[in-house]
Each structure stands twice: as C-alpha cells, then as structure tokens.
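I opened this model to look up the ligand surroundings, the sheet and the helix packing. My entries follow in the order in which I checked them.

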Amino acid sequence: MVEPIDGLVVRPMLEEDVPFVHQLDTISFSLPWSQRSLSYEVSQNAGARTWVAEIEQVMVKRIIGMMVLWLALDEAHIATLAVYPGFRHRGIARTIMITALKAVFHEGARSSYLEVRAGNQAALQMYQEMGYKVWVTAVIITMIIKRMPCCLHWSGLICLTLKPGGYHEC
Ligand SMILES: CC(C)(COP(=O)(O)OP(=O)(O)OC[C@H]1O[C@@H](n2cnc3c(N)ncnc32)[C@H](O)[C@@H]1OP(=O)(O)O)[C@@H](O)C(=O)NCCC(=O)NCCS
C-alpha cells in the first residue's frame, strides 16, 4: 500500500485554486487548459467534479495535484489529472483518482473512461493497475472501466474514506 504524504488533503477545487491549478496544468501538458476553462469547470459546469491535492509546508498550503472529472448519468469521464513533477510517483494521483471515483460512485457512477496518450507510460500503468482496460487503441488510447466495483473493493487498493474537506485512512 502507498504511504500517503504527511498532511496530504484531497478536497474539491475552489475558484481561488484556479491560478495554481493552471500553473500545474501548464507544466504538465503541452496543451494546457486556460484559466477560463478551469474556472468554468469549477464554478459553472454542473457535471464537473474538480479536485485538488494539497499539502501544508511550513504553514503554507500548496496545491500539488489536480483532477477534473465529468459525471454524466452513470459515467465518470476523467478529463484531466496531473501532479507536480517533484511529487510524482508517491501515490498522489492514485489517491486523487480513488477519492474522486468513490465520490462519484456515491452519486451513481458505475463506469469510467478516459483518454491517455499511448506514450504516457506512467499514466497507462496507473490506470491499468486501477482496473481500466484498453478500449480503443490509437495515438490517444481510450480506457474504460465498464462496471465500477463497489467502493469497498476500491478501498482494498488504497484504503481511504471520503469526508468533507479531505480523506482519512481507514
Ligand atoms: C500520470 C501522473 C498523473 C501520475 O501521478 P503520480 O502521482 O506520479 O502517480 P502515483 O504516484 O499515484 O502512481 C500510481 C501508479 O502509476 C504508475 N506510475 C507513476 N509514475 C510512474 C513512472 N514514472 N513510471 C512508471 N509508472 C509510473 C505506477 O504504476 C504507480 O504505482 P506504483 O507506485 O505502485 O508503482 C503524473 O505522472 C503526471 O502528472 N504526469 C503528467 C500529466 C499526465 O500525463 N496526466 C495524465 C494524463 S492521462
């Protein structure tokens, strides 16, 4: 099991987080979203579920990960996900994913899909470990979980329980 980073909190994204999330997006992707698009997802898109991972260092809070998920009926589409380079491969993306998927499971999501570049080994490996299967193979691979397992099963992967403002280990 991954040891969560001390003081890591996964919580819904707020409008005031957008400039920091945009910075993270810009260093993570060659075609980052605009601040306006991120703002729209946080404040106006009723179907969007937006998350950040935050740590507190020397009394200063810092956003180190983010995710946007679109919920449409029973489908959860992972729209974007990124972690700051210095914090990668420490379980943060997986923690965000599981927190977000558990939350939408409670809202009725039963399947999930996403697109990932064929060359993005880190992301591909993570999604496969989480149970996503390759659905369509191209330069951009579409991956899908057709029937999301119940939350308890997800908990076996990394044991987290959602609570307002973050998560705690169970
Ligand atoms: C993909 C990304 C979000 C992963 O974030 P992360 O916090 O480093 O991921 P985690 O630490 O939670 O890793 C979960 C699993 O992903 C895989 N993984 C993560 N980094 C990896 C790497 N450098 N090489 C191979 N596998 C890797 C592993 O399977 C890992 O599980 P393990 O720790 O048990 O080996 C991060 O690399 C990133 O922000 N990349 C740039 C943006 C991006 O590509 N986003 C995804 C778009 S689809």
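**Ligand shell.** I began with the ligand and found 19 residues around it. The closest are R88, A93, R94, A122 and M126. I keep in mind that this is a predicted model.

I then looked up which elements supply the shell. At least two residues each come from β4 (75–83), α3 (92–106) and α4 (121–129). Which of the elements gives the most to the shell? I noted α4, with 6 residues. Sorted by class, the residues around the ligand are 9 nonpolar, 6 polar and 4 charged.

**Sheet order.** Next I traced the sheet. I read it as an open sheet of 7 strands with mixed pairing, in the order β1-β2-β3-β4-β5-β7-β6. The edges are β1 (9–12) and β6 (133–136); each has a single partner strand, so one side of each has no neighbour in the sheet. On average, neighbouring strands of this sheet are turned by 30° against each other, direction ignored. For the general case I wrote down that strands of a sheet pair through backbone hydrogen bonds, either parallel or antiparallel.

**Edge at β1.** I followed the pairing inward from this edge. β1 runs antiparallel to β2 (residues 48–57), and 4 bridges join the two. One pair I looked up is P12, whose bridge partner in β2 is W51.

From β2 I moved on to β3 (residues 60–72). These two strands are also antiparallel, joined by 10 bridges. E56 has K61 in β3 as its bridge partner. I checked the connection as well: β2 and β3 form a hairpin with 2 residues between them. In that turn, V58 has a positive phi of about 45°.

**Edge at β6.** At the other edge I looked up the partner of β6. This is β7 (residues 140–145), which runs antiparallel to β6 and is joined to it by 3 bridges. K133 stands opposite I144 in β7. How many residues lie between β6 and β7 in their hairpin? I counted 3 residues between them.

**Helix packing.** Last I turned to the helices. Two packed helices are described by the angle between their axes and the distance between the axes. For α1 (residues 18–28) and α2 (residues 35–43) I noted an angle of about 125°, with the axes 9 Å apart. Angles over 145 degrees would count as roughly antiparallel and 65 to 115 as roughly perpendicular, so α1 is oblique to α2. The crossing of α1 and α2 is right-handed.

I also listed the residues that meet. V18, P19, V21 and H22 come from α1, and Q35, L38, S39 and V42 come from α2. By class this contact has 5 nonpolar and 3 polar residues, and no charged ones.

Conventions:
Residues are numbered from 1 along each chain as its sequence is written. This is a predicted model: local features need pLDDT of at least 70, side-chain atom pairs count only at pLDDT 80 or more; totals for chains, interfaces and linings use all residues. A residue is near a molecule or strand if its C-beta atom, placed from the backbone, lies within 6 Å of it. Ala, Val, Leu, Ile, Met, Phe, Trp, Tyr, Cys and Pro count as nonpolar, Asp, Glu, Lys and Arg as charged, and the others, Gly among them, as polar. Two strands pair if DSSP finds at least two bridges between them. Axes are lines fitted to C-alpha atoms, for helices over the stretch in contact, and angles run from 0 to 180 degrees between N-to-C directions. Angles under 35 degrees count as roughly parallel, over 145 as roughly antiparallel, 65 to 115 as roughly perpendicular and the rest as oblique. A crossing is left-handed if the near helix is turned anticlockwise from the far one by less than a right angle, and right-handed if clockwise. Two residues are in contact if their C-beta atoms, placed from the backbone, lie within 7 Å.
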